[in-house]
Amino acid sequence: MDFTSNDKEPERPLTRREIREQQRQREREQAESELAAGAGADADEPEQTPEPVANAEPASRAEAAASAEPAPEGAPERTAMAFDDAVRPDASGSESADPFDTIFNDAIDGVGEDAPPSEVTMARAAKRKKRRRGGCLIIALVVIAALVGGGLFVWNQFGDRITDYLGITQTDYEGEGNGTEVEFTILPGDTGTSIGQRLQEQGVVLTADAFVSSILAMPAEPTFIPGTYVLQEEMSAASAVVALTDEKNRVEASVTIPEGTIMRDVFTLVEESTGIPVADLEAAAADPQSFGLPAQAQSLEGFLFPATYIFAPDDTAETVLTTMVDRTYESLASHGVPEQDVWDVIRLASLIEKEARFEEDFYKVSRVFLNRIDINMPLQSDATVTYGTGKYDRAATTDSERGDASNEYNTYEHNGMVIRPISNPGDLAIDAAMHPADGPWLYFVTVNLETGETVFSETYDQHQAAVDEWLKWLEENPDYG
């Protein structure tokens, strides 16, 4: 193209920004003219502001106004472009001074007219996403205000929806529970994970993971003792851990059965500790063979192992008795008692338990009784006689009692092993019955009932001297026992 000098600088082509600014200025002036004329204008029709065209260069409106060339001759003068653009109406016709709107509009406007449609679409989508995010923020503020105003009522009614909407996942409760008691049982072999899972199922903790995390957060790993504990619904996981390691929360009955206790007294101790009536225990024990006892057994006597037991509140008489009988068979097995010898060993052990006091004496007493049986000599145990009379609380017997052959437990009148067990023996007596000491003793007598000193003799004369010592002690201690 040929440019001829006309005392003016050559005219350069307008930039896209300048063309756009001129277009906007013309549109504004045209709108102002129409408003001024007022001819045929509909007063109820809202003013239509052109939607911003997404082709502006990434420069501020003020810079655009300052750098633009003068308008062509005859064009109206442009004024206050920077201010007008900053507060121009949005597509809905309302003005927005929100700086975020300005930033987003600039970003969108930065996509040129010649940009591919995908870029324009993405820019407009970004603007819509910003508006939605702003809406979520408003909703969240409304929710918070509602919680402050409505307190727990609002949270109880809509807490789950609120946390879901805000993306908050609750994994734990707060506090020590809601006041509703729950009985929870720790089983033998339970782990923190298995306990946590059942706590969640019973509504004690919100999640098993929170319970396990509370265990791992403790300075030392807690010890969980099997049993039943009183907890509450909706406890924090940390509170549940503390409650399950506090013995004060255990509700089981602890029953201690001393060695040598007879069945009648075992039932009394169980009733006192668990509340299970003696009558229920007697009814449950009526069929000894249902518990696996030998055919000769007429009761559970001898098979209620002496130990300390923990029973849950819902344990029945059958459960209690089965537990004790099973424990006896565990002891028999641990001491190597063959199944065919169970009945003989239990009878001998029940007799040893009643006659011996010191560990060494257990094995000697066992030998005395076995030596007598070997030579068909009566056992002559006062403990068997008193058991048969039902007077269990004394050791001495009378001549008439020792001569009463109608007492089937009377080992003065009946040779051989006592007919049935007379007590419930423990581990030491069972072991002594299986492993008696070596010795020729045929007699023994406790010469001091207070200390338990016992004299073992091979001959009758030696034994009679020991009996005289015992009688002397009784004279010197008439009020003993």
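The aromatic cluster is where I would like to begin: in this predicted model, F369, W441, F444 and F456 come together as one cluster of aromatic residues. Stepping back to the ring pairs in general, the count comes to 8 aromatic pairs, and I will go through two of them.

One of these is F211 with F224, whose ring centres are 6.2 Å apart and whose planes stand at 35 degrees, so this pair is classed as tilted. F211 belongs to helix 8, residues 208–216, while F224 lies in the loop between helix 8 and strand 2, so that the pair links distant parts of the chain, 13 residues apart. Both partners are buried, F211 with a relative accessible area of 0% and F224 with 18%, which is under the 20% limit for that class.

The other pair is Y443 with Y460, where the centres are 6.0 Å apart and the planes are at 65 degrees, and because that angle is over 60 the pair counts as edge-to-face. Here Y443 is in strand 5, residues 443–448, and Y460 is in helix 18, residues 460–476, with their positions 17 residues apart in the chain. Y443 counts as buried, at 11% relative accessibility.

Rings also take part in contacts with charged side chains: the charged end of R327 sits over the ring of F305, 4.1 Å from its centre, and R402 lies over the face of Y412, at 5.9 Å from the ring centre.

Lastly, a polar residue: what does the side chain of N424 reach? N424 is placed in the loop between helix 16 and helix 17, is buried with a relative accessible area of 0%, and its side chain reaches the backbone oxygen of T261 at 2.8 Å.

Note on methods
Residues are numbered from 1 along each chain as its sequence is written. This is a predicted model: local features need pLDDT of at least 70, side-chain atom pairs count only at pLDDT 80 or more; totals for chains, interfaces and linings use all residues. Side-chain values use heavy atoms; hydrogens and water are left out. Helices (H or I, at least four residues) and strands (E, at least two) are DSSP runs, numbered from the N terminus. Buried means under 20% relative accessible area, exposed over 50%, partly exposed in between (1.4 Å probe, protein chains only). A polar contact is a pair of N or O atoms within 3.5 Å; within protein, one must be able to donate a hydrogen and the other to accept it, and residues adjacent in sequence count only if both atoms are side-chain atoms. Rings of Phe, Tyr and Trp (its six-membered ring) pair if their centres lie within 6.5 Å; planes under 30 degrees apart count as stacked, over 60 as edge-to-face and the rest as tilted. A charge sits over a ring if NZ of Lys or CZ of Arg is within 6 Å of the ring centre and within 35 degrees of the ring normal.
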